[in-house]
Amino acid sequence: MVAADIAAIPETPRRRDFERWRSRSRLVRRMRVVLPVVIGLILSAMAGVIIYRSVTGVAARTQDSDAPIRLVNPRFVGRDEKGRAFVVTAVTATRDERDYQRVILDRPALVLDERGSDPMRITARSGVYHEGRRSLDMNGGVRLTGQQAAFDTMTSRFDTKTGELVGAGPIQGSGRLGEINAKSYGVYDKGERMVFKGGVRARIDGN
């Protein structure tokens, strides 16, 4: 009886050790499955963040690059084929998104022979400069002013190659000789010579 009791004593600690070993084995097996899955999820999340930032960054750069070029208070100085200077200013200048040869001007102003004895200034509500044909179209409330003349019309086109200014719309105003109305006009030689055509009516001052 005593021998049987003595033989049964070490069985309980060995069983507990065995159970602990089985628990650790199950935990190790689970970790072998869970850890790779967790690592895979972390790597997938990191890759997703990198891809998202790359895509959104490219989209932002593309949007910025596609935005129209806009200048505030631009000033363009040039010369025609005969070396005569002219100056073009505006409130803003924006390059057309659909046609990069066109520059849209807000409140443009053109000055012919700026440093001469009688410079002519032409202003309008809007304008478009065509780089391909090197011409400036001015539209809406066009006004031509100089020391000896002032005229109002609706449209005007300035050729930066020849330095000539022409308009096909009605024009009216007063010059050195008196009041003049016509259907078209041309300004030549830096504003020193004006030619009126089409239904010209004038009131000549006798002074």
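What follows is a chat between a colleague and a modeller about how to read a few features of this predicted model.

Colleague: Let's start with pockets. How does anyone find one, and what is the volume of the second largest pocket here?

Modeller: The general idea is simple: rolling a probe the size of a water molecule over the atoms shows where empty space is left. In this model, the second largest pocket comes out at about 260 Å³.

Colleague: Which residues lie nearest the centre of that pocket?

Modeller: Its lining has 16 residues, and Phe76, Val103, Leu105, Tyr129 and Glu131 are the ones nearest the centre. If you want to trace the walls, the elements giving two or more residues to this lining are strand 2 (75-79), strand 3 (85-89), strand 4 (92-95) and strand 5 (102-106).

Colleague: And how do the lining residues divide into nonpolar, polar and charged?

Modeller: You get 11 nonpolar, three polar and two charged residues.

Colleague: Glu131 caught my eye there. Which residue does Glu131 form a salt bridge with?

Modeller: First the principle: side chains of opposite charge can pair when their charged atoms come close. Here the partner of Glu131 is Arg95, and their closest N and O atoms are 3.1 Å apart. The pair ties together distant parts of the chain: Glu131 sits in the loop between strand 8 (126-130) and strand 9 (135-145), while Arg95 belongs to strand 4, 36 residues apart. Glu131 counts as partly exposed because its relative accessible area is 31%, and Arg95 is partly exposed too, at 21%.

Colleague: How many salt bridges are there in the whole count?

Modeller: Six, taking a side-chain nitrogen of Lys or Arg within 4 Å of a carboxyl oxygen of Asp or Glu as the cut-off. One of them joins Arg157 to Asp137, with the closest N and O atoms 2.5 Å apart. That pair also links distant parts of the chain, with Arg157 in strand 10 (residues 150-159) and Asp137 in strand 9, 20 residues apart.

Colleague: Is Asp137 buried or exposed?

Modeller: Buried: the relative accessibility of Asp137 is 12%, and buried means under 20%. Arg157, at 38%, counts as partly exposed. There's a further twist, as Arg133, Asp137 and Arg157 are linked in a network of salt bridges.

Colleague: What about Arg143: which residue is its salt-bridge partner?

Modeller: Asp152, with 2.6 Å between the closest N and O atoms. Arg143 is partly exposed at 34% relative accessibility, and Asp152 is partly exposed at 30%.

Colleague: Now for contacts in the fold. How far apart are the C-alpha atoms of Arg102 and Tyr129?

Modeller: The trick is to set separation along the chain beside separation in space. Arg102 and Tyr129 are 27 residues apart along the chain, yet 5.7 Å separates their C-alpha atoms. Arg102 lies in strand 5 and is partly exposed, with a relative accessible area of 24%. For another pair, try Leu110 and Met138: 28 residues apart in sequence, 9.3 Å apart from C-alpha to C-alpha. Leu110 is in strand 6 (residues 109-112), and it counts as buried because its relative accessibility is 0%.

Colleague: Last one, the surface. Which residues form a nonpolar patch there?

Modeller: Look for Ile39, Ile42, Leu43 and Met46, which together have about 400 Å² of accessible area. Met46 is in helix 2 (residues 11-66), and its relative accessible area of 48% makes it partly exposed.

Key:
Residues are numbered from 1 along each chain as its sequence is written. This is a predicted model: local features need pLDDT of at least 70, side-chain atom pairs count only at pLDDT 80 or more; totals for chains, interfaces and linings use all residues. Side-chain values use heavy atoms; hydrogens and water are left out. Patches are made of residues with over 30% relative accessible area and no salt bridge: like charges are joined within 9 Å, nonpolar side chains (Val, Leu, Ile, Met, Phe, Trp, Tyr) within 5 Å. Accessible areas come from the Shrake-Rupley method with a 1.4 Å probe; for residues, only the protein chains shown count as cover. Helices (H or I, at least four residues) and strands (E, at least two) are DSSP runs, numbered from the N terminus. Buried means under 20% relative accessible area, exposed over 50%, partly exposed in between (1.4 Å probe, protein chains only). On a 1 Å grid over the protein atoms alone, a cavity is a set of points where a 1.4 Å probe fits but cannot get out, and a pocket is an open set with protein on both sides within 12 Å along at least five of seven lines; lining residues have an atom within 4 Å of a point. Grid points are joined across faces, edges and corners, and a volume is the space filled by probe spheres set on the points. Ala, Val, Leu, Ile, Met, Phe, Trp, Tyr, Cys and Pro count as nonpolar, Asp, Glu, Lys and Arg as charged, and the others, Gly among them, as polar.
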